[in-house]
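The following exercises ask the reader to work through a single structure by inspection and short reasoning. Each task is followed by a solution that proceeds in steps.

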Amino acid sequence: MARTSTLDARKKDTREKIELGGLIVKAGLRYEKRTLLLGALVELKQRLGDDAGERLRLTLIGAKAFGDDA
């Protein structure tokens, strides 16, 4: 039983990582260096902090980008 649970958790983790990688591609950043991407994400996390307004602004940009696929 524990083996099945561990396998399911690994599958879920793998799927999540694939989806996150897809976001990088969707944003047009596929060919950027990994260090640049990580640096940008670390800075974003620091800049967001508790700024609900900035979170909303970026969420709307992301929603529009997903909507452009249709």
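**Exercise 1. Helix dimensions and ends**

Determine how the span of helix α1 compares with the expected value, and identify the glycine that follows the helix.

Solution. The model is a predicted one. Helix α1 comprises 25 residues, and the distance from its first C-alpha to its last is 36 Å, close to the 36 Å expected at 1.5 Å a residue. The expected figure is obtained by multiplying 1.5 Å by one less than the number of residues. Beyond the helix, α1 is followed by Gly28, which has a positive phi near 80 degrees.

Repeat the analysis for helix α2.

Solution. Helix α2 covers residues 34-48, which is 15 residues. Its reach from first to last C-alpha is 21 Å, close to the expected 21 Å. The residue to examine next is Gly49, which follows α2 and has a positive phi near 45 degrees.

**Exercise 2. Salt bridges within helices**

State how many salt bridges a search of the whole structure finds, then analyse the pairs in α1, α2 and α3.

Solution. The search finds four salt bridges. Three of these pairs are examined below, including their separation in sequence and their exposure.

Step 1, helix α1. The side chains of Lys17 and Asp13 form a salt bridge with an N to O distance of 2.9 Å. Because Lys17 and Asp13 are four residues apart in α1, about one helical turn separates them. Lys17 counts as exposed because its relative accessibility is 53%, and the cut-off for exposed is over 50%. Asp13, with a relative accessible area of 33%, is partly exposed.

Step 2, helix α2. Arg47 and Glu43 meet through their side chains in a salt bridge of 3.6 Å, N to O. Both residues belong to α2 and lie four residues apart, about one turn of the helix. Arg47 is exposed at 63% relative accessibility, whereas Glu43 is partly exposed at 41%.

Step 3, helix α3. Glu54 is in a salt bridge with Arg57, and their closest N and O atoms are 2.8 Å apart. The two residues are three apart in α3 (residues 52-67), so about one helical turn separates Glu54 and Arg57. Glu54 has a relative accessible area of 23% and is therefore partly exposed; Arg57, at 41%, is also partly exposed.

**Exercise 3. A nonpolar surface patch**

Name the residues of the nonpolar patch on the surface, and classify Leu20 as buried, partly exposed or exposed.

Solution. The patch is formed by Leu20, Leu23 and Phe66, which together have about 300 Å² of accessible area. Leu20 is located in helix α1 (residues 2-26). Its relative accessibility is 48%, so Leu20 counts as partly exposed.

**Exercise 4. The largest pocket**

Which elements give two or more residues to the lining of the largest pocket, and which one contributes the largest share?

Solution. Begin with the volume: the largest pocket holds about 760 Å³ of space. Its lining has 19 residues, and those closest to the centre are Leu23, Ala27, Leu44, Leu58 and Gly62. The elements supplying two or more lining residues are α1, α2 and α3. The largest share, seven residues, comes from α3.

**Exercise 5. Sequence and spatial separation**

Compare how far apart Arg15 and Leu48 are in sequence and in space.

Solution. Arg15 lies in helix α1. Along the sequence, Arg15 and Leu48 are separated by 33 residues, and the C-alpha to C-alpha distance between them is 26 Å. Arg15 has a relative accessibility of 47%, so Arg15 counts as partly exposed.

Notes:
Residues are numbered from 1 along each chain as its sequence is written. This is a predicted model: local features need pLDDT of at least 70, side-chain atom pairs count only at pLDDT 80 or more; totals for chains, interfaces and linings use all residues. Side-chain values use heavy atoms; hydrogens and water are left out. Patches are made of residues with over 30% relative accessible area and no salt bridge: like charges are joined within 9 Å, nonpolar side chains (Val, Leu, Ile, Met, Phe, Trp, Tyr) within 5 Å. Accessible areas come from the Shrake-Rupley method with a 1.4 Å probe; for residues, only the protein chains shown count as cover. Buried means under 20% relative accessible area, exposed over 50%, partly exposed in between (1.4 Å probe, protein chains only). On a 1 Å grid over the protein atoms alone, a cavity is a set of points where a 1.4 Å probe fits but cannot get out, and a pocket is an open set with protein on both sides within 12 Å along at least five of seven lines; lining residues have an atom within 4 Å of a point. Grid points are joined across faces, edges and corners, and a volume is the space filled by probe spheres set on the points.
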